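Colleague: I am new to this structure and would love a close look at one part of it. Could you walk me through the aromatic pairs?

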Amino acid sequence: MDYERIIMIEPDKRGGKPCIRGLRITVYDVLDYLASGMTEQQILADFPDLTGEDIRACLAFAADRERRLI
């Protein structure tokens, strides 16, 4: 997945943490919601600005970052 057009890092937004499409929702936020047991549908209902593609981009971003640690 080409998450680079969805996940953005802006120094003046959320302390430079990776955010989704310039929103103030971080990749960490979405991953934390998923880890806590929320479904994709629940996240989308709570955050109508997000899309399923945004959630998949967060997962791809995290997987890519993890791959670089090894």
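Modeller: Happy to; here is a tour of the aromatic pairs, with a short stop at a lysine afterwards. Please keep in mind that this is a predicted model.

There are two aromatic pairs in the structure. Let us begin with tyrosine 3 and phenylalanine 61: their ring centres lie 5.4 Å apart and the planes meet at 90°, so this pair is edge-to-face, planes over 60 degrees apart being counted that way. Distant parts of the chain are linked here, since tyrosine 3 sits in the segment before β1 while phenylalanine 61 belongs to helix α3 (residues 52-69), 58 residues apart. Both tyrosine 3 and phenylalanine 61 are buried.

The other pair is made by tyrosine 33 and phenylalanine 47, with ring centres 5.3 Å apart and planes at 25°, so it is stacked. This pair, too, links distant parts of the chain: tyrosine 33 lies in helix α1 (residues 27-35), and phenylalanine 47 in the loop between α2 (40-46) and α3, 14 residues apart. Tyrosine 33 has a relative accessible area of 24% and is therefore partly exposed. Phenylalanine 47 is also partly exposed, at 23%.

Now for the lysine. Lysine 13 is found in the loop between β1 (7-9) and β2 (18-20). Its relative accessibility is 18%, so lysine 13 counts as buried, the cut-off being under 20%. Apart from neighbours within four places in sequence, lysine 13 contacts Cys19, Gly22, Leu23 and Arg24.

Methods: Residues are numbered from 1 along each chain as its sequence is written. This is a predicted model: local features need pLDDT of at least 70, side-chain atom pairs count only at pLDDT 80 or more; totals for chains, interfaces and linings use all residues. Side-chain values use heavy atoms; hydrogens and water are left out. Helices (H or I, at least four residues) and strands (E, at least two) are DSSP runs, numbered from the N terminus. Buried means under 20% relative accessible area, exposed over 50%, partly exposed in between (1.4 Å probe, protein chains only). Contact means heavy atoms within 4.5 Å. Rings of Phe, Tyr and Trp (its six-membered ring) pair if their centres lie within 6.5 Å; planes under 30 degrees apart count as stacked, over 60 as edge-to-face and the rest as tilted.
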